[in-house]
Amino acid sequence: MTPAETPEAADALLASRLRNAQPALWTNPARQAQHGLALQARGTTISLDDTKAAAARLARFAGLLAEVFPELAASEGVVESPLLPAAALQPALGLDPTSQGRLFIKADHRLPVAGSIKARGGMHEVLEFAEQCALRHRLVQPGGDYRALNTPEARAVLGRYQVAVGSTGNLGLSIGVVASALGFQATVHMSADAKEWKKDRLRQRGVQVVEHAGDYERAVAAGRAEAAADPQCHFVDDEQSFSLLLGYSAAALHLQRQLQEQGIAVDAEHPLLVYLPCGVGGAPAGITFGLRQLLGPHVHCFFAEPVQSPCFLVQMLADSTQGPGAHPSVYDWGLTNRTEADGLAVPRASLLAAELMRPLLSGVFTVADDTLFAQLVQVLDTLGERIEPSAAAGFSGPALLTGTTAGQAWLHRSGVDAVLHQATHLVWTTGGLLVPDAQYQGFVQRGRAVIAAGPA
Ligand SMILES: *Cc1c(COP(=O)(O)O)cnc(C)c1O
């Protein structure tokens, strides 16, 4: 090893890139290969059975959802997204299909109702609360037809309860729209960086929007405090909720079927590399939990964060250098937490997600905002798909693994390099469907300007 390649030197380089808001890759030395085990986080044990229970709950509500949301009639109330081949995008990403594997996207940017990955977790938590209320008031029987909730009488009963959430935008959209459609009072506490069109959309659906001057963390804290004072109020806690996380994890069951349908094997000879945009960490952690439980050690999950908001990465570093109890923020690293990827503008990671990911996650990387916009345009031009900036975060993953010293070292250590030509790269595109056209055209303009300016 030359001095520049010692672990100490690599750590120092990573720290300096993080501080300077340059794209960086961290890989997890604590990852373990075993799978299928129940895992403990924050004193609660969860297993694949919990993921299956979440999927079953979503299925119980499908009939009702198809009635309440016209856009779900065609899918009979199932909220799922396609797995799309993305070979046309590989040249732009520098990913050679013959020697470096094939690219797919998991198109959560098309998820109906909420327009983002938040549909999975957010809907699940609202439905779990609705189920508890409905059973308590005998609006439905266990195992009965939940379409019974689609009556003025049932709605009036649920209307005595409130559902509240703190959000940078997309979680609020998901929770607010579903809660109010079922008849709940719904309140969304929004951070200053939340987009106006998201607030407008919620208000149009009868959701109360409370605006906060501070960041995401402040909006969550304000919502949590207000809800704690009201016993009729259920607060969806993005930083601590198992219901959210398990709702997200149900995606793994569906993806497993999609992989089988498309003849994509996942084994030692055919690793699956998954790149997931990360905010507080709940959505990507839930999905990683589900995938590792179901598909085993040959699925490798990487989280993607903006260079100014790498909260999960700094949490993972703190776990190994400062020990348990550390909960650093990106501000501690001299970063601004300012990014156009509003769904990812989170200063401090969920400790639940971090604890759960310690033995499961393969790594975390960061990406500059300009790159998000350029890749959003490349996705439009090659695949015709409309994604929002947050949803582009995963696309830097393959090149970071194949084209950097840190990435190549990981490929070698993990043994993936020997079978890379048979690998599947899966970029999770997490949002976009509901972005108004004027906003989207602005994203495209910025992306085209970045591309025209050439490499920085
Ligand atoms: C919220 C969000 C994420 C990440 O989810 P977290 O649970 O916050 O980590 C990714 N992409 C989009 C578009 C989001 O809205």
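**Close-up 1. Helix 15 packs against helix 18 in this predicted model.** Here residues 369-383 form helix 15 and residues 437-453 form helix 18, with the two axes 8 Å apart and an angle of about 105° between them. Angles of 65 to 115 degrees count as roughly perpendicular, and helix 15 and helix 18 are therefore roughly perpendicular to each other. On the helix 15 side, look for Asp 369, Asp 370, Phe 373, Ala 374, Leu 376, Val 377, Gln 378, Leu 380 and Asp 381. Their partners in helix 18 are Tyr 440, Phe 443, Val 444, Arg 446, Gly 447, Arg 448, Val 450 and Ile 451. Sorted by class, this contact holds 10 nonpolar, 2 polar and 5 charged residues.

**Close-up 2. The ligand and the residues around it.** Of the 15 residues surrounding the ligand, those that come nearest are Lys 118, Asn 170, Gly 279, Gly 281 and Thr 430. Polar backbone atoms of Gly 281 and Ala 283 each have a ligand oxygen atom close by, at 2.7 Å for Gly 281 and 2.8 Å for Ala 283. From the side chain of Thr 430, an N or O atom lies 2.7 Å from a ligand nitrogen atom. The ligand would expose 380 Å² if taken alone, and the protein buries 99% of that.

**Close-up 3. Helix 10 meets helix 11.** The axes of helix 10 (residues 242-249) and helix 11 (residues 251-261) cross at roughly 5° and come within 5 Å. The pair is therefore roughly parallel. Gly 247, Tyr 248 and Ser 249 of helix 10 touch Ala 251, Ala 252 and Leu 253 of helix 11. By class, you will find 4 nonpolar, 2 polar and no charged residues in this contact.

Notes. Residues are numbered from 1 along each chain as its sequence is written. This is a predicted model: local features need pLDDT of at least 70, side-chain atom pairs count only at pLDDT 80 or more; totals for chains, interfaces and linings use all residues. Side-chain values use heavy atoms; hydrogens and water are left out. Axes are lines fitted to C-alpha atoms, for helices over the stretch in contact, and angles run from 0 to 180 degrees between N-to-C directions. Helices (H or I, at least four residues) and strands (E, at least two) are DSSP runs, numbered from the N terminus. Angles under 35 degrees count as roughly parallel, over 145 as roughly antiparallel, 65 to 115 as roughly perpendicular and the rest as oblique. Contact means heavy atoms within 4.5 Å. Ala, Val, Leu, Ile, Met, Phe, Trp, Tyr, Cys and Pro count as nonpolar, Asp, Glu, Lys and Arg as charged, and the others, Gly among them, as polar. A residue is near a molecule or strand if one of its heavy atoms lies within 4 Å of it. A polar contact is a pair of N or O atoms within 3.5 Å; within protein, one must be able to donate a hydrogen and the other to accept it, and residues adjacent in sequence count only if both atoms are side-chain atoms. Accessible areas come from the Shrake-Rupley method with a 1.4 Å probe; for residues, only the protein chains shown count as cover.
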